[in-house]
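Work through the exercises below with the structure open. Each task is followed by its solution in steps.

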Amino acid sequence: MYKPKDYQHPRDRALLGQLLEMHAVGQLFDWCRKNQADRALVYAYRASCPEINAATLPAVYDMVLRACEMFETEAPPLCFLTHDYDARVTAAGLFSPILLLSDTYIQRADEACLYGAIAGQVGGIALGHQRGIGLTWLFDNISGLLPIPGVAVKAAEVLLNQWKRWRWFSCDRACLLATGSEEATLRTLFDLSVPEDILHRMRLGTPNDDYIAQYHMFTDASAASELVTMLNSMQSDTPWTPERYRELRSFCETAFASEGGTEGEDFI
Amino acid sequence: MPSNRVYFRGLEAAEFIHPDEMNLKSELTASKGYQSIVSKVSNLVTAYQFTNRVGVYTRLTRASAPALFEIMEDVLLILDVDCVPELYMFHSYSQTLLPCGTTEPYLVISDYIAAEADRDMLYYLFGNAIAMIKAGHVEITNITSCMPGNLWLTIPQIAIKRYLHIADATSDRGGLLACQSFSAAVRCHFLELGLPMDAVQRMFQEDDETAEYVSDYLRRVRMLNAEDSALTVLAEKWMNLNYIEAPANRMLSELYRWYRSDYPRLLQKYRNRRGCKDV
């Protein structure tokens, strides 16, 4: 069984803490509770997506239960199947966590990667990630109705965008702990981008890892490219693949060595 | 797969380039406005595309994607292109195999088309992309795709788009030279137009039957356009002003015309040329 301190990235912890401590966010959550925003979200998903449970997709649901046991979540999240070519497994919800699994990914991923992707997001749910993700939903969809001033929304969005990039490092670490395999976890970084035969030949995590050269291209970028990457990062809610690759390999080397694992470099 | 592929040793871009492209390109490259835009923007575009190229796409190697590299390298030989561009893959449910970059082009292919296209289609798609490199219009395509909508850039953008629409015809010709299968070229066109993969595989297997189908299809398109010629003209003007790619039926029509005229002559010329290599 894993506790948050075993895998949560320190920046994920710090930024999420700052976000949830903002007075405006507290007001917003009170308003959401009063207006049952949580129930509305669950209703929306129930109305539009098939639920994944022991009756509908037992093998997949079993993976969710195993992951929940591993990360000691209070209860299994509600799970829904989405039709989304571009997604894997995503946490959603606000106070009650929801797990969204893409039908394409379930068919495409091998068992180890699917379990790892599920475990990564369940690990995030155990850290309270759904609250940050729920905030994103609120700001994207009903910002005009929110009871907090626009300037407070903007301040929260800046912090939120930084956090959304760092949370993936915690999820990747959770995936590694759940699968126990660096190679399988590294594969989850690419299994939606390249077909299985190419993925297999990339020999990820081995001394002949095909991705290392590209990783060095990223870290050896020109000053202009670095600047553009920094600017692009402000508009992206996922870290760049070389960043996830570096964090994961670094965590693999020092896993369990210190409280919270490694700090990692500041990417932004 | 054709039983013999002709290798066009010594092929010049001028031998397959659309004649209108040559004229437009000369006008464009000679203009001071174009030179000024390219010199200022080229390095910026390279830096701008860096994040996607290295941070999002996955670079393929001969070790990880031997089948794709085999086809790409064969197409480079067929079209007599010296450089070997880098090849990247990204996740997309699209028929994408494009050259990107400016002074040092690289190729980007979608995982969908790499897995779904048959061998001849991949020859066509690689040929299409590599012909853009050979004909020298990768830089301008990528710069145009990054140009913002801006009143001051309207006139140069219109001129560039006009050029790019004709350049699409050249790329298609390069694709046909690479695969040497009109049915494969048409499979790619109709897949992009929206027919499902199993339908295009079923409908377009033999070159002669495919050519007959395309001829009839284009005749029906012309009849439909003639029913409301004013609207057709307006729509074409709109597409010319706003789209980087030429309208699909126009591209198919250009390719069909060339397939019936200069393509067989070019093929025969290189078959007869001393030292040409047939597979």
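The exercises concern a predicted model and deal with one strand and one surface patch.

**Exercise 1.** Determine whether strand E4 of chain B is enclosed or not, and treat its two faces separately.

Solution. Step 1: strand E4 of chain B covers residues 106-110, and 5 of the 5 are buried. Step 2: a residue is called buried when its relative accessible area is under 20%. Step 3: in a regular strand, side chains alternate between the two faces of the sheet. Step 4: on one side of E4(B) lie Tyr106(B), Val108(B) and Ser110(B), and on the other Leu107(B) and Ile109(B). Both faces are covered. Step 5: because 5 of the 5 residues are buried, E4(B) is largely enclosed by the rest of the structure.

**Exercise 2.** Find the strands that pair with E4(B) and give the sense of each pairing.

Solution. Step 1: strand E2 of chain B (residues 87-90) pairs with E4(B) in the parallel sense, over 4 bridges. Here Met89(B) has Ile109(B) as its bridge partner. Step 2: strand E3 of chain B (residues 97-100) pairs with E4(B) in the antiparallel sense, also over 4 bridges. Pro99(B) has Leu107(B) as its bridge partner. Step 3: E3(B) and E4(B) form a hairpin with 5 residues between the strands, and Gly101(B) has a positive phi near 90° in this hairpin.

**Exercise 3.** Identify the residues of the negative surface patch, then place Glu209(B).

Solution. Step 1: the patch is formed by Glu206(B), Asp208(B), Glu209(B) and Glu212(B). Step 2: Glu209(B) belongs to helix H10 of chain B, residues 207-227. Step 3: the relative accessible area of Glu209(B) is 54%. The cut-off for exposed is over 50%, so Glu209(B) is exposed.

Notes
Residues are numbered from 1 along each chain as its sequence is written. Chains are lettered from A and ligands numbered from 1 in the order in which they are written. This is a predicted model: local features need pLDDT of at least 70, side-chain atom pairs count only at pLDDT 80 or more; totals for chains, interfaces and linings use all residues. Side-chain values use heavy atoms; hydrogens and water are left out. Patches are made of residues with over 30% relative accessible area and no salt bridge: like charges are joined within 9 Å, nonpolar side chains (Val, Leu, Ile, Met, Phe, Trp, Tyr) within 5 Å. Accessible areas come from the Shrake-Rupley method with a 1.4 Å probe; for residues, only the protein chains shown count as cover. A salt bridge is a side-chain nitrogen of Lys or Arg within 4 Å of a carboxyl oxygen of Asp or Glu. Lys and Arg count as positive and Asp and Glu as negative; His and the chain ends are not counted. The place of a charge is taken as NZ of Lys, CZ of Arg, CG of Asp or CD of Glu. Buried means under 20% relative accessible area, exposed over 50%, partly exposed in between (1.4 Å probe, protein chains only). Two strands pair if DSSP finds at least two bridges between them.
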